[in-house]
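Let's walk through this structure together, one feature at a time. Keep the sequence beside you as you read.

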Amino acid sequence: MEHTLQIKHGLVHDAVRREPYLADILVENGKITQIIPASEGGAADKTHSLAATADGRTQIPDAAADGRAQILDATGLEVYPGFVEAHCHLGLDGYAIGFEGADYNEMTDSLTPHLCAIDGLNPMDESVRLAMEGGVTCVAAGPGSSNILGGTFTVYKTSGKRIDDMVIQKKAAMKCAFGENPKRCYKDKDTYCRMSIAARLRTMLDKTKEYLARLEAAGDDPLKMPAYDPKLEALIPVIKGEMPLKAHVHQANDIYTAIRIAKEYQLGLTLDHCTDGSLIADDLAKEGYPIAVGPTLTHATKYELKNKSFSTPGDLAKAGCQVSIITDSPVIPQQFLPLCAGLAVKSGMDEFEALKAITIQAARHIGVSERVGSLEIGKDADFVIANGNPMVSDTVISYVLINGMITFQR
């Protein structure tokens with residue numbers, strides 16, 4: 001069924017242009033089809049004529065009179081892209097306290113690349129609704145950092161009952177982890193030191209290369225094919241460069257190890273957490289890998305978090321890195337993502353860079369920037385409409401829209 005919506009007279013922060021501007025936005029069937037700034041007098045799409053108000057302001061014609069469009073009057077309000085989280089466990093770790101609420105770590109095996117987040121996500125958990133009402137409309141959620149290889153992250157929208165209908169990308173990245181977490185979780189089983197983590201990861205990558213070579217050599221002959229191995233099958237897109245490693249790294253030496261291995265095998269890579277990022281910002285800018293920083297609104301509960309600071313995302317952005325800010329929810333409740341960006345601004349980050357860190361940069365980090373992360377024609381109609389800057393704690397969110405539909409109205 002066709003659905004048309006006009007957002008009228010809002011102050012638009014599109015995450016593309018630094019300065020906000022008054023504009024009308026037309027949404028059709030879940031996509032942004034027109035953005036008409038008040039200062040523009042040019043023609044719009046040929047199917048829609050433009051009308052001018054008494055003050056000369058150009059706007060999309062009011063389609064409400066003939067029932068063609070729903071009107072959302074944003075006069076006095078500010079319009080932002082829906083916020084995007086590049087790394088969390090939303091829907092895998094339940095809102096209720098207790099073991100049954102947690103589905104984000106498989107603790108029986110340190111190498112589980114064949115696990116897929118979509119099979120554990122519970123979109124009806126209360127935490128997902130709270131995230132959406134806080135303006136977080138799209139997240140990348142997946143396995144935790146207990147395992148050297150944890151499985152694949154899924155990117156999904158935060159409104160719906162059935163995860164299959166909410167997914168943007170079923171398998172967006174392969175989680176791997178370095179440092180204290182796999183050491184602590186598997187020290188009595190198979191992994192006691194950082195050298196073991198790197199060695200076991202390389203072994204799995206080498207096995208996958210060999211497995212893939214045998215598959216390709218076998219062609220269509222089933223008798224020549226290697227025995228099916230779900231773990232190696234899951235790593236084939238990583239070896240082919242079709243899916244990045246999503247590396248849990250806090251400490252500088254772990255960051256460099258992740259980069260070293262990615263280069264050895266010519267893999268895609270994102271650096272998630274990056275607590276020591278300020279110490280090596282110039283190096284990271286030269287390397288060019290996407291960086292997600294956080295969670296920062298917590299104590300330094302482990303040795304490798306001793307350099308945790310809200311100045312880190314700003315330091316990295318100033319150095320020229322592609323930076324996003326994360327909550328790692330449930331470590332920080334998902335709805336406080338814009339607050340974390342605001343705290344980064346208080347610690348010296350440029351405000352526009354902070355906005356991009358929870359919108360377009362986050363979308364790029366997880367490979368979905370063609371759909372979400374900024375307000376541009378052709379993109380999904382995901383909006384946060386508030387009475388001010390959502391990165392400031394006293395701002396009130398008035399509306400959240402996902403795919404052009406109002407999912408929250410205060």
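Eight strands make up an open sheet with mixed pairing, in the order β8-β9-β10-β11-β12-β13-β14-β15. Strands here are DSSP runs (E, at least two residues) numbered from the N terminus, and two of them pair if DSSP finds at least two bridges between them. At the edges stand β8 (83–88) and β15 (323–325); each has a single partner strand, so one side of each is left without a neighbour in the sheet. On average, neighbouring strands of this sheet are turned by 25 degrees against each other, direction ignored, with axes taken as lines fitted to C-alpha atoms.

Now zoom in on two strands of the sheet. Strands β12 (residues 245–249) and β13 (residues 269–273) run parallel and are joined by five bridges. Here V249 has H273 in β13 as its bridge partner.

This is a predicted model, in which local features need pLDDT of at least 70, side-chain atom pairs count only at pLDDT 80 or more, and totals for chains, interfaces and linings use all residues. Residues are numbered from 1 along each chain as its sequence is written, and side-chain values use heavy atoms, leaving out hydrogens and water.

Next come the rings. A search of the whole structure finds one aromatic pair (rings of Phe, Tyr or Trp, the last by its six-membered ring, with centres within 6.5 Å). Y80 and F83 form this pair, 6.5 Å centre to centre with 55 degrees between the planes, which counts as tilted (under 30 degrees is stacked, over 60 edge-to-face, the rest tilted). Both Y80 and F83 are buried (under 20% relative accessible area, 1.4 Å probe, protein chains only).

How values were computed:
Buried means under 20% relative accessible area, exposed over 50%, partly exposed in between (1.4 Å probe, protein chains only). Helices (H or I, at least four residues) and strands (E, at least two) are DSSP runs, numbered from the N terminus. Axes are lines fitted to C-alpha atoms, for helices over the stretch in contact, and angles run from 0 to 180 degrees between N-to-C directions.
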